[in-house]
Amino acid sequence: MVHHRYTTDRPVYSQTDFDKEFDRKRRTFPLGQKLRKALRCSGERLKGVLLRRLPILSWLPKYNVKQNLLCDVISGVSAGTIQVPQGMAFALLANLPPVNGLYSSFFPLIPYFFMGTAHQMVPGTFAVLSIMVGMVCLQLAPESDFTHFNITLNETVVDEGKMNEVRLSISATLACLTAIIQIGMGVMQFGFVAIYLSESFVRGFMTAAGLQILISVLKYIFGIKVPPFSGPLAVVYTLVDIILDIPKTNVASLIFALVTCVVLIVVKELGARFRHKIPFPVPVEIIVVVVATAISGPLDLPEKYHMDIVGDIPLGFPVPILPTVSQWDGMMSTAFSLAIVGYVINLAMGRTLAAKHGYDIDPNQEMLALGCSNLLGSFFKIHVICCALSVTLAVDNSGGSSQFASLCVMLVVMVTMLALGTYLRPLPKSVLGALIAVNLKNTLLQISDPYYLWKKSRLDCCVWVVSFLATFFLSLPYGVAVGVSFSILVVIFRTQFQNGSEVAQVMETDIYKNPKVYNKVNRLEGIKIVSYCSPLYFANAEIFRRKVIKKTGLDPGKVLQARKKFLKKQKHKEKQEAKEENSLNKLDNIKRRMSSLVAKKAHTISQLNLQSDSDINTIITSTSFENPYCDVGGSSDSKATDSECPSPVTIEMQPMPFHTLILDLGGVCFIDLMGVKVLTKMSSSYKKLGINLFLANIQAQVYEDLEKGGGFEEGCFSNSDLFISVHDAALFSLNRFARSDLTEQVNGELIDLSCDIDEDGNDLEQEMF
């Protein structure tokens, strides 16, 4: 292997020298300048705003009619035949009448045609959103509210007409609130929130939602009646009731569902295998719906075998309604979850299409387009929509290239609403349930994700599992909250507990690597180099300080604290010696007085002398002190006499294990005020011990954060303490602190430490922070 070599001949650069030589620019953006830029008005800016908010003005003038129109029409019509039965099926998941699926597949497409940035995207119903809407409908309009006893039939019946009307109003109100949230987030440029939803979270959430959907449609497949549940563990209760009621299965409904599943699976698998030979996807869904309706209706099977059917579908456009604002209080959490989840699904599919076809999408514009689609549809009894995945994929696979394909989808749905809906009355609901179940195949296959994630990233695997379990057992809105919260905790955990490492010089190079990883490295004498790869902020600032202490083997706080304790004991000893001297003077006076009375009171003098000896022994004691990195010398006699004076005590510093600490901050992308405070306090503490703290390889943003946070104002850091690279800092340190000079400087002087001690009595935490 050939090793190419390079040689660099340049001076050692501190931050100050580098800035001067290469003319550092000050990037300042005054507030007034920002406001003028934001509020300026011009024809060019107005044109840009229009093109950004109405993307149709950009792509429509460039549309090639001869080349693309025919493909768009064919792909749109074929996808529309999928949209109709799928929309009706997903309306059942939302506990709404099937016609709601047609409304939801028509009206939202109008705003998106003008505002959408993903050319092949087709908005429509989505199973996960449908089941979330269904939970709200069950909660605010339970079936028990519309149940009454019919005397004529001598049984309890449900007023389905009134119940569907109320639930349609609830669905429209929820769609309006969700739309307002999405539009607000789009206007405030909050489209970036989607990046906080990791792929592991999305896949875990979608898998759990797919299982919930499958369990929800089992009652249609088996043709049994199951009471609705909502809230935590609702899916468990539903599954238990389905299992208990399996003996009551409607055989005719089950046969229709099984035949539908077999036909759909076979045709879809064959279509996937031979998709390159088929010009457009086979609309098997609409074929199955037409055939099932043709068999069920003329043979009068629903009446004979008591099967649940779609029923009457009102023809024409619905009458516009206004949302019931008073119901928003009970919908807020679900609406926010719907807004985020719907946007994430839309954005994920949009990015996939954009990458495939070579164009860009605007995340904030997508949020606005989706919000406006939901807002218009909310006045026409839709439920919350996003990207219709299977319909969008059908358009893309058929060669669709623009929103004209979605316009053709909309026309197919409109024809069904105006004329063909009445013919779908005898369609068994079990067929729609089977259609939903088959479309969940890819989602349910994701249940094997943990097996592969565990091998690649255990934290991502934990995110998937937590999101899945929370969504499955606690319901979808709670699943979103728990999954997102856990994902954020994982991000904090990853940044908070990053393990810094001591690095050393790779022999004869300017490269510094971890000596635990590479053998041919050389530790520079008297220099410790610590590399840290994580943001430095409030959550890990203290952890960062402890890691530096662990890697260097020296805790400056403890050394300074030991000095403080020693000086306090020394002051106390001096006070005792002063008291002792006063006591000795008093004893001498007493002795002189007693000597004049020795003939009169000899026994008293003897007693006084005994007491004096006892007092002296009590007062004059020897005290020893232990202090790391210090030598204590002076008088330690156990007795003192009037002819002796206490010797002065001096403290001599032992050599520090290193004279320079270099922090490699190349992996630190930002630093907050707490991080700045920790760095400045560390610098101050190390300087008190004669150790220099240098910062190397600082990013421009981190430098600005350090400057704004007061890192240079407090005098702890100067630009001469910052270096362009670790090698610059190491060379500067070696040249400045030669070993002989260091020995002479540290061991040749007696250092008075009283100036290094904080006399206000701060504890260790206050000293370091």
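## A sheet, its helices and some aromatic pairs

In this predicted model, five strands make up an open sheet of mixed pairing, and their order across the sheet is E5-E9-E12-E13-E14. Strand E5 (501–502) and strand E14 (722–723) stand at the edges, and because each of them has a single partner strand, one side of each is left without a neighbour in the sheet. Further in, strand E12 (residues 660–664) and strand E13 (residues 692–696) run parallel and are joined by five bridges, and along this pairing Leu663 is found opposite Leu695 of E13.

Helices lie across these strands. Helix H27, which spans residues 673–688, lies across E12 and E13 and runs at about 145° to E13, while helix H29 (residues 726–736) lies across strand E9 (527–531) as well as E12, E13 and E14, at about 155° to E13.

Another helix to follow here is H28 (residues 700–708), in which Val702, Tyr703, Glu704, Asp705 and Leu706 are buried. The elements that cover these buried residues include helix H1 (15–21), H27, E13 and E14. In the loop between E13 and H28 lies Asn697, a residue other than glycine whose phi is nonetheless positive, near 60°. Asn697 counts as partly exposed, its relative accessibility being 31%. After H28 comes Gly710, whose phi is also positive, near 85°.

What is the usual sign of phi? Most residues other than glycine have a negative phi. Against that background the reader may also look at Glu508, which is not a glycine and yet has a positive phi of about 60°. Glu508 is placed in the loop between strand E6 (504–506) and strand E7 (512–513), and with a relative accessible area of 83% it is exposed.

Elsewhere in the chain, two helices meet. Such a packed pair is described by the angle between the axes and the distance between them. The axes of helix H5 (residues 65–93) and helix H19 (residues 429–439) come within 9 Å and cross at roughly 95°, which makes H5 roughly perpendicular to H19. On the side of H5, the contact is made by Pro85, Gln86, Met88, Ala89, Phe90, Leu92 and Leu93, and on the side of H19 by Lys429, Leu432, Leu435, Ile436 and Asn439. Sorted by character, the residues of this contact comprise nine that are nonpolar, two that are polar and one that is charged.

The last feature to consider is the aromatic rings, of which the model has 25 pairs with centres within 6.5 Å. In one of them, the rings of Trp464 and Phe468 have their centres 5.2 Å apart and their planes at 10°, so the pair is stacked. Both residues belong to helix H22 (residues 458–474), where they are four residues apart, about one turn of the helix, and both Trp464 and Phe468 are buried.

How are the rings of Phe723 and Phe732 arranged? Their centres are 5.2 Å apart and their planes stand at 45°, so this pair is tilted. Phe723 is buried, with a relative accessible area of 1%, whereas Phe732 is partly exposed at 29%. Finally, Trp59, Tyr63, Phe113, Phe114 and Phe404 together form one aromatic cluster.

Definitions and conventions. Residues numbered from 1 in each chain as written. Predicted model: local features only at pLDDT ≥ 70, side-chain atom pairs only at ≥ 80, totals over all residues. Heavy atoms only, no water. Pairing = 2+ DSSP bridges. Helix = DSSP H or I, 4+ residues; strand = E, 2+ residues; numbered from the N terminus. Contact = heavy atoms within 4.5 Å. Axes fitted to C-alpha atoms, helices over the stretch in contact; angles between N-to-C directions. Buried < 20%, exposed > 50% of the residue type's maximum accessible area, 1.4 Å probe, protein only. Parallel < 35°, antiparallel > 145°, perpendicular 65-115°, else oblique. Nonpolar A, V, L, I, M, F, W, Y, C, P; charged D, E, K, R; others polar. Phe/Tyr/Trp six-rings, centres within 6.5 Å; stacked < 30°, edge-to-face > 60°.
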